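I opened the notebook to record what I looked up in this structure. The entries follow in the order in which I made them.

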Amino acid sequence: MSSGQQTDSSKRHTEGLLVKEFCTQRKSKCDPCGNKYDDCVKNGPAVAAFKFPRAINKSGGIEVQDISQNAHHILCIAEVTKVISKDDDLRRVLANTKYCVNASVNMIALPLFSHTVHWYCTYDDSGDKQTIGSMVTTLTPPPFVNLPNHCFDHGRYNKEVETTLGKLKAYVKEAVHKFETNELASALDNISNGFRGKLVKRGLREGGTHTAWMAALNRRNDNWYKPFSLAKNPRERAFPRRSKRTMDRLVKALLNR
Ligand SMILES: [Zn+2]
Ligand SMILES: [Zn+2]
């Protein structure tokens, strides 16, 4: 990824496939559909515009890059490709199906946990800061409040998507002779909408991300991580304490901008 634009933190960067008009291609603009998956960040809602500065080591010293929020494929490219596109038994159905994994119905902009930390602790314009526990934090919620963070439990989330797609596939195979054109595409879109709804609900666990953040600072909620997770069953996490060394490096780099 060039110019500090991190678009999908999924570790499994499957290239995807194009089977007739069934597209799961991981391309900044897929052909022939013409969808740009990063549009949900670049031309997305205002809540997606907040970036965080990351200090990186360059040969000439430390450099700061502004890191965008991530374009998350609600039905992940790897899972749709593996479960649907690569199954030869589905070729006849796919031949009648016009679908694109990069269409806006399947995209959502999500912050990384680094955006969360930057908003609360190090961003000048997020409001007055107070020391709570061992951290200096604003009391103002971020614009992307109550959205799960893209780096929390993506693998577990992918498994859920894979399971759901597997069930859909079983149904399609059973119905293969009477399946109507684009019935599969609308089923996939419905599943996208369903998982979008799940993500919205998950971001509200424990009273939402802001309530959970504040409670974690006060050490009053051991389940603080739940609204930050993409997954139904989040992995338990300790509340992070940012290392002073990382912060010192960042501040030094920012001052040299
Ligand atoms: Zn993702
Ligand atoms: Zn496409």
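Entry 1, cavities. I started with the second largest cavity, which has a volume of about 40 Å³. The model is a predicted one, and the count comes to two cavities of 30 Å³ or more. I then asked which residues line the second largest cavity. They are T116, Y120, P142, F144, V145, L147, N149, T209 and F228. Sorted by class, that lining holds six nonpolar and three polar residues, and no charged ones.

Entry 2, zinc ion (ligand 1). I looked up which protein atoms act as donors to the zinc ion (ligand 1). I found ND1 of H72, NE2 of H150 and NE2 of H154, at 2.1 to 2.2 Å from the ion. The spacing of these donor residues in sequence reads H-x77-H-x3-H. I placed H72 in strand β5 (residues 70–73) and H150 in the loop between β9 (135–138) and α5 (154–174), so this pair ties together parts that are 78 residues apart in sequence. I also checked burial, and both H72 and H150 are buried.

Entry 3, zinc ion (ligand 2). The zinc ion (ligand 2) is coordinated through SG atoms, those of C23, C30, C33 and C100, at 2.3 Å. Why does the arrangement of the four donor atoms count as tetrahedral? The angles they subtend are 98 to 120°, and the rule asks that all angles lie between 85 and 135 degrees. For reference I noted that the ideal angle for four tetrahedral donors is 109.5 degrees. Along the chain the donors of the zinc ion (ligand 2) follow C-x6-C-x2-C-x66-C. C23 lies in strand β2 (residues 22–23) and C33 in the loop between β2 and α1 (39–42), so the pair ties together parts that are 10 residues apart in sequence. I compared accessibility for these two cysteines: C23 has 0% relative accessibility and counts as buried, whereas C33 is partly exposed at 33%.

Entry 4, helix α2 and the nonpolar core. I asked how many of the nine residues of helix α2 (residues 77–85) are buried. The number is eight, and the helix is mostly covered. The buried residues of α2 are I77, A78, E79, V80, T81, V83, I84 and S85. I then went to the largest nonpolar core, which has 51 residues. Within this core, F22, L75, L184, W213 and W224 touch the most other members. The elements giving two or more residues to the core are α2, α3, β7 (107–110), α4 (113–122), α5, α6 (183–202) and α7 (209–217). Helix α6 gives the largest share, seven residues.

Entry 5, S186. I stayed with helix α6, where S186 has its place. Is S186 buried or exposed? I logged S186 as partly exposed, at 37% relative accessibility. S186 and Y99 are 87 residues apart along the chain, and their C-alpha atoms are separated by 8.7 Å.

Entry 6, A95. My last lookup was A95, in the loop between α3 (91–94) and β6 (99–100). A95 counts as partly exposed, with 39% relative accessibility. I paired A95 with K20: they are 75 residues apart in sequence, and the C-alpha to C-alpha distance is 5.8 Å.

Notes. Residues numbered from 1 in each chain as written. Chains lettered and ligands numbered in written order. Predicted model: local features only at pLDDT ≥ 70, side-chain atom pairs only at ≥ 80, totals over all residues. Heavy atoms only, no water. Donors = N, O, S within 2.8 Å, 3.2 Å for Na, K, Ca; no water. Buried < 20%, exposed > 50% of the residue type's maximum accessible area, 1.4 Å probe, protein only. Tetrahedral: all angles 85-135°; square planar, octahedral: opposite > 155°, others 65-115°. 1 Å grid on protein atoms, 1.4 Å probe; cavity = no way out; pocket = protein on both sides within 12 Å on 5 of 7 lines; lining within 4 Å. Points joined across faces, edges and corners; volume = space filled by probe spheres on them. Nonpolar A, V, L, I, M, F, W, Y, C, P; charged D, E, K, R; others polar. Core = buried A, V, L, I, M, F, W, Y, C linked by side-chain atoms within 4.5 Å.
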